[in-house]
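This report describes selected strands and helices of one model. Please look at the sequence and the structure before reading on.

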Amino acid sequence: MTEPRLSTSLVGRWVALLAAAAACAWIVARAPIATDIAAFLPGPATPEQRLLAEQLKDGIAARLMLIGIAVPDEAASNDAARVAEALVKRLRVDTHFTFVANGAAKDFERDRDLLFAGRYLLSPQVNAQEFTVDGLAAALKRLEERLTSALAPLVRPMAAADPTGEMVAIVQQLAQRAPPATRHGVWFTTDGRTAIVLAQTSTPGFNVDAQERAQRALHAAFETSRAEVAPAAKVVLQLAGPGVFAVESRMRIEQDARRLSILATILVAGLLLLVLRSPRFLLLAAVPVGMGALAGLAVTAIGFGEIHGITLGFGLTLIGEAVDYAIYVHLQRAAPGDAQGNARLWRALLLAVLSSAAGFLAMILSGFRGLAQLGVFSLVGIVVSGAVARFYLPALLPPPRPRLAPFDWPPARPAVLRGAQVVVAVAFALAIAQIATRLPGLWTDSLSSISPLQAGSGDLDARLRGSAALPEMRWLVALERPTRQQALEATEALRPVLEQQRQAGALTAFDSPADILPSEKVQRARQLALPERAALEAALAKAVAPTNFMPDAFAPFVDAVAAARGAPLLTADYYKGSGLGQRLNAQVVARPGGSTAVLITVHGVDDTKAAGLKAALHAQGAAVIDLKEDVEGLLADYRRTALWAALGGAALIFALLALQLRAMRVVARISVALTAAVVITAGILVRFEGSLTLFHLVALLLVAGIGSNYAIFFCRLPTDTAARRTTLASVLLASATTFIAFALLSTSTTPVLHMIGTTVGIGTLAGLAASAACAAVETPTA
Amino acid sequence: MADRRTVLQFLLAAAGAGALPARAQADELDRLFALFASQGERRKAFIERRHSILFRNPPEQRGTLIFKPPLVLERDVVSPRRERVRIDADSVTLRTEGDDGKPVERKAQLASIPQLASLVTTIRATLAGDLAALRRLYFITMPDPLPRWRVDMKPIEEPQAGGVMAITMAGDRGDVTRIQFTETTGDRTELLLSPAT
């Protein structure tokens, strides 16, 4: 091999690397950044859950913004009401919002008008018998009673056009629940301190940029309203809802990612510069790290079509991991000509890369799209960093200045090693005891424990939602049919079952969309039940004669029935732009496949009778979704899957070690060190966090992957003292950089990142300690 | 010059003359409402008649009206059917006899029944002597002064369909003896009050 040829091939390799880097950068720059929460929630397992997931992501409910206008005490509630009113007026003409309501009586006028105009197609009591002489006589008797009661002011305006009381029947069917609390004529929380406004954005809840614009517009409208109506009052704007949380969590993730990656870079670079005193090394070390990150992001972008904000945040941990390989190459490189020494290093490096990769493989298999992304990103990043460090750095690195660890290990006095082993063994035993005492409640599977939102974000939502008597979104009855009409018919068939369950106390109320949009079949049947004008007039005359009503009192009724006979059937368009139209859009949903899904919100489900409810509805071809329990059940399933994946990952790591090292004693040592590291970490986590989540579990596998790197070096220390102390120095330095990166990650306010950071941060130290306790000098046999 | 001043004085005097009765009316209203305010709990027998184009003869309801200042209003009907409405602040309790003769009780929020809310607010404010509250809702005139007085009220805001478009009250000193609501439907509801027996 002559000098010029080497140089040519070197240049060629660097050109290839730069080209690859440029290609990756191009892909990454074009990839959309996603921040939706759903990626870190379990994926849907059943068709109903898929429907639910779709709705949570893109449904009408996901566009809902709950706005609270709060004053410090009840006495100032009028200020809140006035600001709310001014705000509603502004938002109604703002194109960011398609629907705004605050419970003012005027809001419901249009809904009432629509229901009244469509009463003969909507009322459940319309049938042929109703319009006979007997039927009308009974209706008139009821009407007279209503007109001579306290409710007369309500009934009187409709009496002439609706003597049979269709409107009352329609409203009774719809109003199963108590209306929301009001004050000053608008929605208020029951404590009287917060006026509530509901707004629906014109853009989907997952479009975070659009949501952010809508929120800015909302803030501006609020400020102007406040300045105009109550400039002196202390009025505060509170926002909740899926879109609001999406914007909030993206902001938090972005802030965390920026802050933590800058900090990690500074700290790691500072440490390396301090220890190695080589700016040139620092620059070169950035090459594998940068290339690994770019390649990881590019593969993620290609594989997932987007890069999640949390992946970016997690990316900084790669700084701590990938820089290790540069450190190993730099410090442990053999003197020129010592081919055997280098071969030994390359094998160790390959093993370290592979065992870390095995850890990330478990993340890919966890079943969470978000975690899978982190896994793919990290796996690709680690492999590429390792490869670049192996193939590019040696030729360019400055000659290594011997960096020896300030001490030798295993220590000269065996008693010290013994002592270390005892300490690790005691820690191991304590950890086992700790885990055993918490065993029944070791795992938390609640949604809030893994939600990317900060704890407490949901409280405001729940408070406003409860006060506005909005569906609590815990229980849903869902059904899906090939056509819209079939879906509506199935919904109608469900009504008696739901009503029966309501009577039995299994639930307190349900909102069925078929009550406002009956199927064509039912509408047509009602239309056919309406008599011809002449027949109705004759029957009415006979029915009115013996009463106190004037003979011509009900002319508007005769006209209305005649008109309804020839009226077109009601469609969803009939309600366009009204409050009922909003409800219909949320409840009758066109599915991607062309079928129609109906969602019936159910309230006040009695947990003890839920099983009966589920069975009764299931028999009708509908599913009951319990968001809380279903999600928790799913999470537990995923955790079990992840546990198997983790065990598989661990087995893979051991298999790799056994295959590569082919020395059972060494493999046994490494295995003991890894097991101790993972168990001690888990014990510490349980002690301080109370219980573990799925994310802790996955992170523990990461601990095994990273810990294996230390164990590989510690359990096969070179016999030569100088080489040994160099190895020790490189492992200490590498673990320090890893620790820095993950410790910083643990300060993140995003729960997922915090959990991974805490686990791996502790795990790095535990892995180092356990590896040190298992340290052995390689015996040059075989 | 002198002529002009005379004309001006005349005009001013004329304008003042026109305003005088209004001022006097305002004083008279204040006195009337002070009389209302000075009374405590009241219990009146009532007859309510609805004059409507729907009916040949105006149907009648009889019973007792009870007012406990400032927020409790009870309407206890004995004929033609037993019915009791109790309104306390914003909560409405309606008690009727079901088809089986057993009492049925329903609860609602006053604000959710705007048609009822405006009537209740008006009656409560009148009986409590809260003239300021009424002035926020109505233009108020007093064609007949005390002691046998009459007060007319017209809503400031356009009433909704079926709402009240005029109210006339009459009475003797501190007693309200008759209230008439005229609705946009053309119906008139007449409430006659007399000391409870």
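In chain B, 11 strands make up an open sheet with antiparallel pairing, in the order E6-E5-E4-E3-E2-E1-E11-E10-E9-E8-E7. Strand E6 (103-109) and strand E7 (138-144) of chain B are at the edges with a single partner strand each, so one side of each has no neighbour in the sheet. On average, neighbouring strands of this sheet are turned by 20° against each other, direction ignored. Strands (E, at least two residues) and helices (H or I, at least four) are DSSP runs, numbered from the N terminus, and two strands pair if DSSP finds at least two bridges between them.

The model is predicted: local features need pLDDT of at least 70 and side-chain atom pairs count only at pLDDT 80 or more, while totals for chains, interfaces and linings use all residues. Residues are numbered from 1 along each chain as its sequence is written, chains are lettered from A and ligands numbered from 1 in the order in which they are written, and side-chain values use heavy atoms, leaving out hydrogens and water.

Three antiparallel strand pairs, each with one pair of opposite residues, are listed here.

| Strand pair | Bridges | Opposite residues |
|---|---|---|
| E7(B) and E8(B) | 5 bridges | Phe139(B) and Lys154(B) |
| E2(A) and E6(A) | 7 bridges | Gly68(A) and Ile196(A) |
| E2(A) and E7(A) | 5 bridges | Leu66(A) and Ala240(A) |

In chain A, 7 of the 7 residues of E2(A) are buried (under 20% relative accessible area with a 1.4 Å probe, protein chains only), so E2(A) is largely enclosed by the rest of the structure. In a regular strand the side chains alternate between the two faces of the sheet. On one side of E2(A) the buried residues are Leu64(A), Leu66(A), Gly68(A) and Ala70(A), and on the other Met65(A), Ile67(A) and Ile69(A).

E2(A) is also among the elements that cover the buried residues of helix H9(A), by contact (heavy atoms within 4.5 Å). Buried residues of H9(A) include Val208(A), Leu218(A), Phe222(A) and Val229(A). The 22 residues of H9(A) should span 32 Å at 1.5 Å a residue (times one less than the number of residues), and the end C-alpha atoms of H9(A) are 31 Å apart, which agrees.

Further along chain A, helices H21(A) and H22(A) pack at an angle of about 150°, with their axes 10 Å apart. Axes are lines fitted to C-alpha atoms, for helices over the stretch in contact, and angles run from 0 to 180 degrees between N-to-C directions. H21(A) and H22(A) are therefore roughly antiparallel (over 145 degrees). Residues of H21(A) that meet H22(A) include Leu536(A) and Leu540(A).

Methods:
Buried < 20%, exposed > 50% of the residue type's maximum accessible area, 1.4 Å probe, protein only. Parallel < 35°, antiparallel > 145°, perpendicular 65-115°, else oblique.
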